[in-house]
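Here is a protein to explore piece by piece, with the sequence and the model side by side. Keep the 3D view open and turn it as you read.

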Amino acid sequence: MAGTFNPFDAEQAHNSWPLLAELRERSAVVDIGDGMAYVTRHAECRQLLRDTEGFSSAQGFKAPGVVVPLEDRTLGELDPPNHTLVRRVMVTALTPKSVRAAEPYIEAKASALLDALPATGPVDLVPTFTGPLPNSSTMHLLGFPEDDGPQIMAWAKGLIESGFPATHRNRDGVFGFAEGFPEFAGYIDDRIAERRSEPRDDVTTKLLELEVDGERLTPPQLRAMVRNLITGGLTTTSQLLGNLLYALFTLPDLEDRLREDPEATSRAIDESLRLSPPVMFIPRGCRRETEVDGTELEPGQRVVMGTACANRDETVFEHGDDFDVDRPNGSDHLTFGYGPHFCPGAPFARAVARIAVTTFLRHFKPGTVRLVDGFEFQNVPAFFETGPARLDVEIAR
Ligand code: HEM
């Protein structure tokens, strides 16, 4: 048993690249204890992520025995056939057009945040830039008042840190979203009610009005989907921006390259996503006996798709540990998942990242922002996320 790796242990999850390379070499599926299997390779992660009948999302992040009522499930917690129907509503609401329409706002917000930084001296870019930009952008997409952003962020963080994603309970053990987080749920319900009486041009209104096979989402489903859009995109996109800027400050020539060749920005974003995944793994519950690379997966078993590990699979990514903006297939990483649950917010996250980097490079002259002396990368406390807790830089004229 390769019980030496525990993806749920934050300390280990972020510092185990040599061990993960060893596991990947050994087998496509390794036993990591407690009856859990960890999938190490790219092809097998894709095979199982595609198989939504055999591998359930309802049991994904949930602790054994936790069953969430159907109407309270986010999109990411639904299995077919419910998932298929609700997903159609979600992707129709979150179109490329709605992402494009948000871009001028994201750019103006990025500029405003950078203008508000001190002209010279030390500053932490996490609370001043990489955190607030995704937050305001998500509020804009949903059509919620920008001033409510900090409160929403606090609720979303509180929910994630309470262990709710695994237990469906708040810190005091109260079961259910509306019951455990009444202020957060009430806020979402109020915004939906506003749009019911007065439709607006935003994603929330689209979710409310869209019909699939003549059916609309029910009020609890709507609340769960809006919650999914908030919690799915906030911290993940903040980690992406933090990781990207950290790469810009630490990798020789990356800043020069992106200034000379803005086309390379999208590929740099994918390399950051591949090597420093804001989401490190994707858990599923096995529902059907399945053999993978000589290992039998059993119904009821928890199976963890090691997407961070698969993103460095040498059979797919040559010199997989290297950050290479010229990599032809960098976007084949699994950081946004794969198959029917593939992240519908990916184009939005990519747009926020592209605009953030482009605006950052336009705002500062070459080489005028650098990490403070002695800076040490400290990961955010969440075990399934990679991203800097702080990004202390010194701004020079
Ligand atoms: C860098 C940023 C992001 C990362 C790394 C990320 C990652 C992921 C991953 C790995 C999944 C698939 C989970 C699975 O297969 O069970 C997913 C699903 C999802 N994401 Fe994202 N995400 C990001 C940003 C966003 C944004 C900005 C939004 C919303 C605007 C969003 C909304 C969702 C939703 C609703 C799902 C559920 C999809 C489904 O189950 O069909 N995500 N995300």
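## Around the ligand

Start with the ligand in this predicted model. Its shell has 25 residues, and the ones that come nearest are Gly 232, Gly 233, Gly 337, Cys 343 and Gly 345. What kinds of residues make up the shell around the ligand: how many are nonpolar, polar and charged? The split is 12 nonpolar, 12 polar and 1 charged.

Now look at where those residues come from. Three helices each give at least two residues to the shell: α4 (82-93), α13 (219-250) and α17 (346-363). The largest share belongs to α13, with 7 residues.

## The whole protein

Zoom out and you can pick out 17 helices and 10 strands. The radius of gyration is 21 Å, close to the 21 Å that the globule rule gives for 397 residues, so the protein is as compact as a globular protein of that length. If you drew a box around the C-alpha atoms along the principal axes, it would be roughly 60 × 60 × 40 Å.

Buried residues account for 45% of the 397 in the protein. Take the contacts between residues at least 6 apart in sequence: 71% of them join residues at least 24 apart.

## The five-stranded sheet

A quick reminder before the sheets: strands pair through backbone hydrogen bonds, either parallel or antiparallel.

One open sheet has 5 strands in the order β1-β2-β8-β5-β3, with mixed pairing. β1 (29-31) and β3 (55-56) stand at the edges with a single partner strand each, so one side of each has no neighbour in the sheet. At one end, β1 runs antiparallel to β2 (residues 37-39), with 3 bridges between them. You can find Val 29 there, with Val 39 in β2 as its bridge partner.

Next, follow β5 (282-286). Of its 5 residues, 4 are buried, so β5 is largely enclosed by the rest of the structure. β5 is antiparallel to β3, joined by 2 bridges, and Ser 56 stands opposite Gly 285 in β5. β5 also pairs with β8 in the antiparallel sense, this time over 4 bridges. In that pairing, Pro 283 has Val 304 in β8 as its bridge partner. Helix α3 (residues 42-50) lies across all five of these strands, β1, β2, β3, β5 and β8 (302-305), and runs at about 125° to β8.

## The three-stranded sheet

Another open sheet has 3 strands, in the order β4-β10-β9, and its pairing is antiparallel. β4 and β9 are the edge strands, each pairing on one side only. From one strand to the next, the twist averages 35°.

Which residues face Val 393 in β10? On the β4 side (residues 121-124), 4 bridges join the strand to β10 (residues 392-395), and Val 123 has Val 393 as its bridge partner. On the β9 side (residues 369-371), there are 3 bridges to β10, and Leu 371 stands opposite Val 393.

## A helix on the inside

Is helix α7 (residues 132-142) largely enclosed or largely open? Its buried residues number 9 of 11, so α7 is largely enclosed by the rest of the structure. Among the buried ones are Pro 132, Leu 133, Pro 134 and Met 139.

What do these buried residues pack against? Their neighbours are the helices α5 (96-115), α6 (125-130), α8 (149-161), α12 (203-209), α13 and α17. Two of those names are familiar: α13 and α17 also supply residues to the shell around the ligand. Just after α7 comes Gly 143, which takes a positive phi of about 85°.

## A buried arginine

Finish with Arg 24, which sits in helix α2 (residues 17-26). Why does Arg 24 count as buried? It has 22 other C-beta atoms within 10 Å, and a residue is called buried because 20 or more lie within that distance.

Leaving out residues up to four places away in sequence, Arg 24 touches Thr 40, Arg 41, Cys 309 and Asp 313. Try finding Asp 293 too: Arg 24 and Asp 293 are 269 residues apart in sequence, yet 12 Å apart in space, C-alpha to C-alpha.

Notes
Residues are numbered from 1 along each chain as its sequence is written. This is a predicted model: local features need pLDDT of at least 70, side-chain atom pairs count only at pLDDT 80 or more; totals for chains, interfaces and linings use all residues. A residue is near a molecule or strand if its C-beta atom, placed from the backbone, lies within 6 Å of it. Ala, Val, Leu, Ile, Met, Phe, Trp, Tyr, Cys and Pro count as nonpolar, Asp, Glu, Lys and Arg as charged, and the others, Gly among them, as polar. Two strands pair if DSSP finds at least two bridges between them. Two residues are in contact if their C-beta atoms, placed from the backbone, lie within 7 Å. Axes are lines fitted to C-alpha atoms, for helices over the stretch in contact, and angles run from 0 to 180 degrees between N-to-C directions. A residue is buried if 20 or more other C-beta atoms lie within 10 Å of its own, exposed if 12 or fewer, and partly exposed in between; C-beta atoms are placed from the backbone. The radius of gyration is taken over C-alpha atoms; the globule rule is 2.2 Å times the number of residues to the power 0.38.
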